[in-house]
Amino acid sequence: MNFTNPLVYGVPCFLGLILLELSYSKHRKDEKSKKLYNWKDLTASLTMGIGSAVLAPVAKTIAFILVFSITYEIFNPEIDGIRTNIMGWKSFGYAWYVWILCQLADDFSYYWFHRQNHNVRFLWAAHIVHHSSDNFNLGTAVRNGWFTIFYKPFFYMWIPAIGFPPEMLVVCLGIEALWQFQLHSVYIPKMGFIEKFMNTHTMHQVHHAQNLEYMDKNHGGFLNIFDKMFGTWKELDETIDIKYGVSHPPNSYNPLVILTHEYRDIWNDMKKSKNWYHKFMYAFGAPGWSHDGSTLTIKQQQKLGLKTKKPEKQSALV
């Protein structure tokens, strides 16, 4: 069965909503709204968003054909004309409740994919692109790194392996991306009962903040249940003035600098020590790790209660 990725219809909606929010912000009288968009910053974000859209067909081929489909075929062979999982159960079909289960599985994988993007510096180097703007708006939502798409599918391989059709997973990934896009707005207030179980706009503001108490919080996709289960959930405190962005910014509007600056910093840090373990940790340890204590991880900073202006190589949110 063939399905269309929802993002095919989402992209023109993204551009329309960005234009709508931009116009709305410029016509409001408060200073925060007038400063919500920076033209150079928005141009950089849109450039990287267009680049991601160009790379999407390549990513879809890698994800769908080389990863999801092959995994599905290996773990769900046809036996007497019936596709059966190697564990013995019949592979899943397209019933409505299967779609819900697949979306839940997708959300669980998204949580761990997103969380590891903040915990492993080499992955953070790709993901920092999304957090590198000090503006929080719908334009920032399309400010995506070009390299995450090549390793993201591996966090989701288990879903087709247990029997969910690959095309179903691709649709769920598209739905997840649509939800994530619209979370990047400061104009949606707390949503009452929905806040109990959904990942909302105010929770995502926490995620994009570089305030020390907010860092590495709220990694969820649709739901906040996994953040609550695994200790990474944080509610927005409306009395706290949020500072968006990362503590180690690229300080440039050049898309190539934004895309690669953290890889350069990893390389420079690896040269600080001849010890191979240290080199490994600079690349694959938590952002901010150092062999001599000259920089600290977010967990170390939060434990010590530090509030320095440049905490270290970790961005604002997850």
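**Reading salt bridges, rings and burial**

Modeller: Let's jump straight in: the side chains of Asp-269 and Lys-272 form a salt bridge, 2.9 Å from N to O. Keep in mind that this is a predicted model, where local features need pLDDT of at least 70, side-chain atom pairs count only at pLDDT 80 or more, and totals for chains, interfaces and linings use all residues. Numbering starts from 1 along each chain as its sequence is written, and side-chain values use heavy atoms, with hydrogens and water left out.

Biologist: How many salt bridges does the rule give?

Modeller: The general idea is that side chains of opposite charge can pair when their charged atoms come close. Here the cut-off is a side-chain nitrogen of Lys or Arg within 4 Å of a carboxyl oxygen of Asp or Glu. That rule gives a count of 11 salt bridges.

Biologist: And which residues are joined into one network with Asp-269?

Modeller: Start with how covered the opening pair is, using relative accessible area (buried is under 20%, exposed over 50%, partly exposed in between, with a 1.4 Å probe and protein chains only). Asp-269 is buried at 6%, while Lys-272 is partly exposed at 45%. Through shared salt-bridge partners, Arg-121, Glu-262, Asp-269 and Lys-272 become one network.

Biologist: Where do Glu-262 and Arg-121 sit in the chain?

Modeller: First the contact: their side chains form a salt bridge at 2.9 Å, N to O. Glu-262 is in helix α11 (residues 255-270) and Arg-121 in helix α5, so to speak of distant parts of the chain is fair, with the two positions 141 residues apart. Helices here are DSSP runs of H or I with at least four residues, and strands are E runs of at least two, numbered from the N terminus. Arg-121 also bridges to Asp-269, at 2.8 Å from N to O. That pair again links α5 with α11, 148 residues apart. As for cover, Glu-262 has 0% relative accessibility and counts as buried, and Arg-121 is buried with 1%.

Biologist: Why is helix α5 called largely enclosed?

Modeller: Look along the helix rather than at one residue. In α5 (residues 121-131), 10 of the 11 residues are buried, so the rest of the structure largely encloses this helix. Among the buried ones are Trp-124, His-127, His-130 and His-131.

Biologist: What about rings: how many aromatic pairs are there?

Modeller: Take rings of Phe, Tyr and Trp (its six-membered ring) with centres within 6.5 Å; planes under 30 degrees apart are stacked, over 60 edge-to-face, and the rest tilted. The structure has 22 aromatic pairs. One is Tyr-110 with Phe-113: their centres are 6.3 Å apart and their planes at 55°, so the pair is tilted. These two are three residues apart in helix α4 (residues 96-119), separated by about one helical turn. Tyr-110 is buried at 8% relative accessibility, and Phe-113 is buried at 6%. Then there's Tyr-277 with Trp-289, whose centres are 6.4 Å apart with planes at 90°, so that pair is edge-to-face. Tyr-277 lies in helix α12 (residues 276-284) and Trp-289 in the loop between α12 and α13 (298-304), so the pair ties together parts 12 residues apart in sequence.

Biologist: Are Tyr-277 and Trp-289 buried or exposed, and which is which?

Modeller: Tyr-277 is exposed at 51% relative accessibility, whereas Trp-289 is buried at 18%. For a bigger picture, ring pairs also link Phe-108, Tyr-111, Trp-112, Trp-158, Phe-226 and Phe-230 into a cluster.

Biologist: Which residue lies over the face of Trp-233?

Modeller: The test is NZ of Lys or CZ of Arg within 6 Å of the ring centre and within 35 degrees of the ring normal. Lys-228 passes it over Trp-233, 4.7 Å from the ring centre. Lys-279 does so over Trp-276, at 5.8 Å.

Biologist: One last item: what lies 3.2 Å from the backbone oxygen of Asn-218?

Modeller: A polar atom of the His-207 side chain. For a polar contact, N or O atoms pair within 3.5 Å; within protein, one must be able to donate a hydrogen and the other to accept it, and residues adjacent in sequence count only if both atoms are side-chain atoms. His-207 belongs to helix α9 (residues 201-207), and His-207 is buried, with a relative accessible area of 0%.
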